[in-house]
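Could you walk me through this structure while I have it open in my viewer? I would like to know what to select at each stop and what is there.

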Amino acid sequence: MKIFDKINKNYHLKLPFVAYRKPNKNKVLGKFLKTDDIIFTSSFTESGFVFAPFDDQKNTILFLDKEAESFEEDFIEKVNTSENFYFTENNTSKEKHIALVKRAIKQIENSDLKKIVVSRKEQLQLNEFDIITIYQKLLDKYKTAFVYVWYHPKIGLWFGATPETLLEIKDNTFKTMSLAGTQPYANKENIVWGNKEIEEQQLVTDFIENQIKDIAKNISIEKAKTVKAGTLLHLKSKVNGELCKSSSFISLIKALHPTPAVCGLPREKAKAFILQNENYTRSFYTGFLGEINKVDDQNSSHLFVNLRCMEVTNNIASIYVGGGITKDSNPLKEWQETISKTATMKNVLQ
């Protein structure tokens, strides 16, 4: 594939690029830059590809279309059997994460917080690393996800296969989703969800509805359905609406990001707990990424929440995982849920 050749070339020349495939599509798209300048956006009025951090007070990186060489190509499935071995984490991470979950539960019990999403970073030493092999495996394995590789020599190298749309908009019509609740996929017909997962997903749905009610009209929200993402199941409700004439694209982004699915409720209090207690920087994990296309007054953009992702630096893969904590959470089960979520990335490292 020409795009794979371009990925290799830009990566070894230390020039920025992004390659991505949208859910249930066959085309891989790529944007390749010729300089390593860093461009930020705060208005989202340009055309290009954005990469935004979890902390909405920090800068969003923009790869401008007019500065990039763009390609698109059909993906031809070709499973590469070469292996990249990793070392698993020790029990220190387990103890630390369980302690963090317990602190979150205590905070919820003693405040008006209803949900806090806590996360961790698991670091794996790779004996071998090949950017094309890893990206090929992601494309092979996760056809229903937004699968990407993103690189900037001054920022880092990121891979992901995320199941969650933050926002899809065409002109004034938009789609988003409420995605929360997790259980392993067990290949059985009768799927039973616990009260904790049902409540968690409903909190996200209620938040989205409340956030957009003053800037949107003709809002419709589907009943929650079970969806499969890799080896996991989630509860999802589709949300559709129209942006009011007095509202803007950026107002919709700010209303939704970060959602309770990656932060918590109330949002600002949950975010404060996360920044004070996680003891590491999420960076672009649980931020968002995707296309923004502004032509005259027309807008056609598709943004995804950056979940099931990892950063690779000097043959060390940092895998980011988390889960939503409510008053009914079980700390050990929350730890086990993060283990299940690391499988998305570990599956392409072995």
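## Stop 1: the cysteines

Start by selecting cysteine 309, which counts as buried because its relative accessibility is 0%. Keep in mind throughout the tour that this is a predicted model. Now add cysteine 263 to the selection: this residue is buried too, with a relative accessible area of 0%. Cysteine 309 is in no disulfide, and the nearest cysteine sulfur, that of cysteine 263, is 16 Å away. A disulfide needs sulfur atoms within 2.5 Å, and a search of the whole structure finds zero of them.

## Stop 2: the enclosed cavity

Next, switch on a cavity display if your viewer has one. Rolling a probe the size of a water molecule over the atoms shows where empty space is left. How many cavities of 30 Å³ or more does the structure hold? There is one, and the volume of the largest cavity is about 250 Å³. To centre the view there, select Thr182, Ala261, Arg308, Gly322 and Lys341, which are the closest to its centre of the 25 residues that line it.

Then colour the elements around this cavity. Strand 7, strand 11, helix 4, strand 20 (316-325) and helix 7 (331-346) each supply at least two lining residues. Which of the strands gives the most to the lining of the largest cavity? Strand 20 does, with five residues. If you colour the cavity lining by class, you will find nine nonpolar, seven polar and nine charged residues.

## Stop 3: helix 4

One of those contributors deserves its own view, so to speak: select residues 195-212, which make up helix 4. The helix has 18 residues, and at 1.5 Å a residue these should span 26 Å. Draw a distance between the C-alpha atoms at its two ends and you should read 26 Å, which agrees with that expectation.

Now show the side chains of helix 4. Its buried residues are Lys196, Glu197, Glu200, Gln201, Leu203, Val204, Thr205, Phe207, Ile208 and Ile212.

## Stop 4: salt bridges

Side chains of opposite charge can pair when their charged atoms come close. The count for this model comes to 18 salt bridges, and a few make good stops.

Select glutamate 291 and lysine 22, whose side chains meet in a salt bridge with 2.8 Å from N to O. This pair links distant parts of the chain: glutamate 291 sits in strand 16 (residues 288-292) and lysine 22 in the loop between strand 1 (17-21) and strand 2 (27-33), 269 residues apart. Are the two partners buried or exposed? Glutamate 291 is buried, with a relative accessible area of 11%, whereas lysine 22 counts as partly exposed at 22%.

Move on to lysine 269 and aspartate 112, which form a salt bridge with their closest N and O atoms 3.0 Å apart. Here too distant parts of the chain are linked: lysine 269 belongs to helix 6 (residues 267-277), and aspartate 112 lies in the loop between helix 2 (91-109) and strand 7 (115-125), 157 residues away. Lysine 269 counts as partly exposed at 44% relative accessibility, and aspartate 112 as partly exposed at 42%.

For the next pair, select arginine 120 and glutamate 122, whose closest N and O atoms are 3.2 Å apart in a salt bridge. Glutamate 122 counts as buried, at 2% relative accessibility, and arginine 120 is buried at 7%. Then select Lys115, Lys196, Glu200 and Glu334, which are joined into one network by salt bridges that share partners.

## Stop 5: the largest pocket

Now look for open space. The largest pocket holds about 670 Å³. Select Pro23, Pro163, Thr165, Met177 and Lys236 to find the middle of this pocket, since they lie nearest its centre among the 29 residues that line it.

To see the surrounding framework, colour strand 10 (165-170), strand 11 (173-184), strand 13 (225-229), strand 14 (232-243) and strand 18 (298-305), each of which supplies at least two residues of the lining. Sorted by class, the pocket lining has eleven nonpolar, ten polar and eight charged residues.

## Stop 6: helix 5

Finish with residues 249-256, which form helix 5. This helix is mostly covered, with six of its eight residues buried. Show Phe249, Ile250, Leu252, Ile253, Ala255 and Leu256 as sticks to see the buried ones.

Terms used
Residues are numbered from 1 along each chain as its sequence is written. This is a predicted model: local features need pLDDT of at least 70, side-chain atom pairs count only at pLDDT 80 or more; totals for chains, interfaces and linings use all residues. Side-chain values use heavy atoms; hydrogens and water are left out. Helices (H or I, at least four residues) and strands (E, at least two) are DSSP runs, numbered from the N terminus. The expected span of a helix is 1.5 Å times one less than its number of residues. Buried means under 20% relative accessible area, exposed over 50%, partly exposed in between (1.4 Å probe, protein chains only). On a 1 Å grid over the protein atoms alone, a cavity is a set of points where a 1.4 Å probe fits but cannot get out, and a pocket is an open set with protein on both sides within 12 Å along at least five of seven lines; lining residues have an atom within 4 Å of a point. Grid points are joined across faces, edges and corners, and a volume is the space filled by probe spheres set on the points. Ala, Val, Leu, Ile, Met, Phe, Trp, Tyr, Cys and Pro count as nonpolar, Asp, Glu, Lys and Arg as charged, and the others, Gly among them, as polar. A salt bridge is a side-chain nitrogen of Lys or Arg within 4 Å of a carboxyl oxygen of Asp or Glu.
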